[in-house]
Amino acid sequence: MLLDGFFETLNDFTEIIKKEIRGIYQNSSLYEKKISKTFDNEFIYKPSPHLLSSIIKYQNKKYKIEDFELETVWNSQIKPKDFEKLNNFFWFFSLDLKSSKKSVQAVILNWMNKNNKFKKESWEFNITAKRIISWLSNHQLSYSESDKEYRSMFNYMIQKQTNHLLNEIKSSKDLENKIIGCSAIILTGLCYKIEKNYVDIGLNFLKKITNSSIDNQGFTNSRNIKQLIFFLKYFIIIREWFKESKIEVPEYIEENIYYFGQSYAFIRQNINADLLFNGNNNSNKQDFDHYLRRLGYKFKNENKDCGGYIILKNKKICLAMDAGSSPNTNYTRDYQSGALSFEIISNGKKLITNCGYYKKNNQNLNEISKSSAAHSTLIIDDNSSCKFTKKKDKLILKTGLKITQKNSVCEKNYWKINAAHDGYFKKFKSIHERNIEFYPEQMKFVGNDKIIRKKNNHNFKFDIRFHLEPNIKLMKTQDNKSILIELEDEGWKFTCDNYEINIDNGLYFGNKNSYIENQNFFVSGILNNIEENIKWEIKKI
């Protein structure tokens, strides 16, 4: 344990030294000379801004550049998030095309004059990549009808910033930022047809990144649904850039879109709600689905098991379970310890849910949302099935789990999901096995949570929680044997014989970076036997 701490401290110290050395180099004349090697190429391919509508939050109201006070803004003291938004220039997408081109170009020129040389804050990797994409995609305002001197400076700064991305992409730690960086590098290559083949270099980086971060089904190794959709969005954008620039789309891009699309169809197809597993939140995916239809993308997947999730569904009911092992530590920034947690969707409404994920800079809330108690699953002695450790203000996996068995059945009149994990074995010498059956004709779910112990030398308490969305009402019956669930115009009843059942308040993180109180009901008891079987039922009434 002491050795682990020593090596962790040593690694942190080494990283700090490397960062300091890199900072000195980036501010040197050598680095300036390196990234200033550009080519006198014309801006040929002009990308359509609408291709980015899957990642840009367009506002109904379009603003004119004259509506912004931009004379002094580069000198203003602003919050880090506002600084990022200002310097990545994605706000250009909210400008009316009737805005003054001269005013827009004056803003860019002003930025270039103040940031001609590398500056740590304004040249941060993610900010620079987005700025390149925005300047090139908003060419109708940023480039059209400009004079020769401005165009020369614009072209030079695009290439210079791209050279900076090429230099930094290997050291960037954030996977999503690397994808955006690759996209910016590829776009520069397509726009300028540069001898220093940015397109091939960008594609090679993209290939290395994705090959190491996706599984053989095309799902991200992080098992993060949001990250999967992020990958799909950017690969489609890159593909559309190739098509629009009349350059053959690389087979690698086509192949990955197919696999990402398959995985997207698996977690989205005929499911009118977001599944709150491993970093996911509620979102408006209708816009993205419309974007896919508009560009002619159709994905279909009839599999029941993908990315460590099992999803069984018909026109009325969806039953989904997290039945996957923990990812490699490198992919656990947003991982949650919700093994064998499940969700039920009835007629498009969540009957049973997980609590969602809190990502904002509040470690306490982030830790709560990562816990097993925030999921509809088993907790032993108030412990989560996984352990996390703090690393650079992020909670990453310290001790994970393995799925030891998994199978499912999906027939017209009978469904079943069965899975087990070893997350409680090290501390409690226990395996958790969960079996959920669904009988469509009776609209009844029958569950059995089995706790199999290797030793029976200690008695531990356990809880099995079932979380609900904040608008759902619960009522315990007078005999204390059932809980009634009011789901809008539907009624359901939960029963569990031989164990105590209760209602509790909790926190729901389903909506991004916010929380609200919700209710959950839970089964509790003491582990007295080598094998404990906790049987429960949820039936429509």
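Two strands count as paired if DSSP finds at least two bridges between them. Keep that in mind for the sheets on this tour of a predicted model.

**Stop 1: strand β13**

Select residues 461-467, which form strand β13. Is this strand mostly covered or mostly open? Six of its seven residues are buried, so the strand is mostly covered.

Now add residues 516-526, strand β18. β13 and β18 pair in the antiparallel sense, over seven bridges. To see one point of this pairing, show Lys 461, which stands opposite Ile 526 of β18.

Next add residues 378-380, strand β6. Three bridges join β6 to β13, and these two strands also run antiparallel. Here the pair to show is Ile 380 and Phe 462, the latter in β13.

**Stop 2: the four-stranded sheet**

Widen the selection to take in β17, residues 500-508. The four strands make an open sheet in the order β6-β13-β18-β17, with antiparallel pairing. Which strands stand at the edges? They are β6 and β17; each has a single partner strand, so one side of each is left without a neighbour in the sheet. From one strand to the next, the twist averages 30°.

While a strand is on screen, a general point may help when showing side chains. In a regular strand the side chains alternate between the two faces of the sheet.

**Stop 3: His 375 and Asn 366**

Select His 375, in the loop between α13 and β6. His 375 has 2% relative accessibility and counts as buried, the cut-off being under 20%. Leaving aside neighbours within four places in sequence, what is His 375 in contact with? Its contacts include Arg 465 and His 467. Gln 336, Ser 337, Gly 338, Ser 341 and Asn 354 are also in contact with His 375, as are Ser 369 and Lys 370.

Move to helix α13, residues 363-370, and pick Asn 366 within this helix. Asn 366 counts as buried too, at 9% relative accessibility. Not counting residues up to four places away in sequence, Asn 366 touches Tyr 357, Tyr 358, Lys 359 and Leu 395. For a sense of scale, draw a line from Asn 366 to His 50: the two are 316 residues apart in sequence and 35 Å apart in space, C-alpha to C-alpha.

**Stop 4: the eight-stranded sheet**

Select β9, residues 403-411, and β14, residues 473-476. Both belong to an open sheet of eight strands, in the order β9-β10-β11-β12-β19-β16-β15-β14, with antiparallel pairing. β9 and β14 stand at the edges, each with a single partner strand, so one side of each has no neighbour in the sheet. Neighbouring strands of this sheet are turned by 15° against each other on average, direction ignored.

Inside this order, highlight β16, residues 490-495, and β19, residues 531-540. Four bridges pair these two strands in the antiparallel sense. One bridge to show is that of Lys 493, whose partner in β19 is Lys 539.

**Stop 5: helices α5, α8 and α3**

Two packed helices are described by the angle between their axes and the distance between the axes. Select α5, residues 125-137, and α8, residues 175-192. Their axes come within 9 Å and cross at roughly 35°, and the crossing is left-handed. On the α5 side, the contact residues include Phe 125, Ala 129, Ile 132, Ile 133 and Leu 136. On the α8 side, among them are Ile 180, Ala 184, Leu 187, Cys 191 and Tyr 192. By class, this contact has ten nonpolar, six polar and two charged residues.

Keep α5 and add helix α3, residues 80-88. α3 and α5 pack at an angle of about 35°, with their axes 8 Å apart. Glu 84, Asn 87 and Asn 88 of α3 meet Asn 126, Ile 127, Lys 130, Arg 131 and Ser 134 of α5. This contact divides into one nonpolar, four polar and three charged residues.

**Stop 6: the cysteines**

How many disulfides does a search of the whole structure find? The search finds zero. Start with Cys 191, which is buried at 0% relative accessibility. The closest cysteine sulfur, in Cys 182, is 16 Å from the sulfur of Cys 191, too far for a bond. Then select Cys 318, buried at 4% relative accessibility. For Cys 318 the closest cysteine sulfur is in Cys 410, and at 10 Å this is also too far for a bond.

Terms used:
Residues are numbered from 1 along each chain as its sequence is written. This is a predicted model: local features need pLDDT of at least 70, side-chain atom pairs count only at pLDDT 80 or more; totals for chains, interfaces and linings use all residues. Side-chain values use heavy atoms; hydrogens and water are left out. Axes are lines fitted to C-alpha atoms, for helices over the stretch in contact, and angles run from 0 to 180 degrees between N-to-C directions. A crossing is left-handed if the near helix is turned anticlockwise from the far one by less than a right angle, and right-handed if clockwise. Contact means heavy atoms within 4.5 Å. Ala, Val, Leu, Ile, Met, Phe, Trp, Tyr, Cys and Pro count as nonpolar, Asp, Glu, Lys and Arg as charged, and the others, Gly among them, as polar. A disulfide is a pair of cysteine sulfur atoms within 2.5 Å. Buried means under 20% relative accessible area, exposed over 50%, partly exposed in between (1.4 Å probe, protein chains only).
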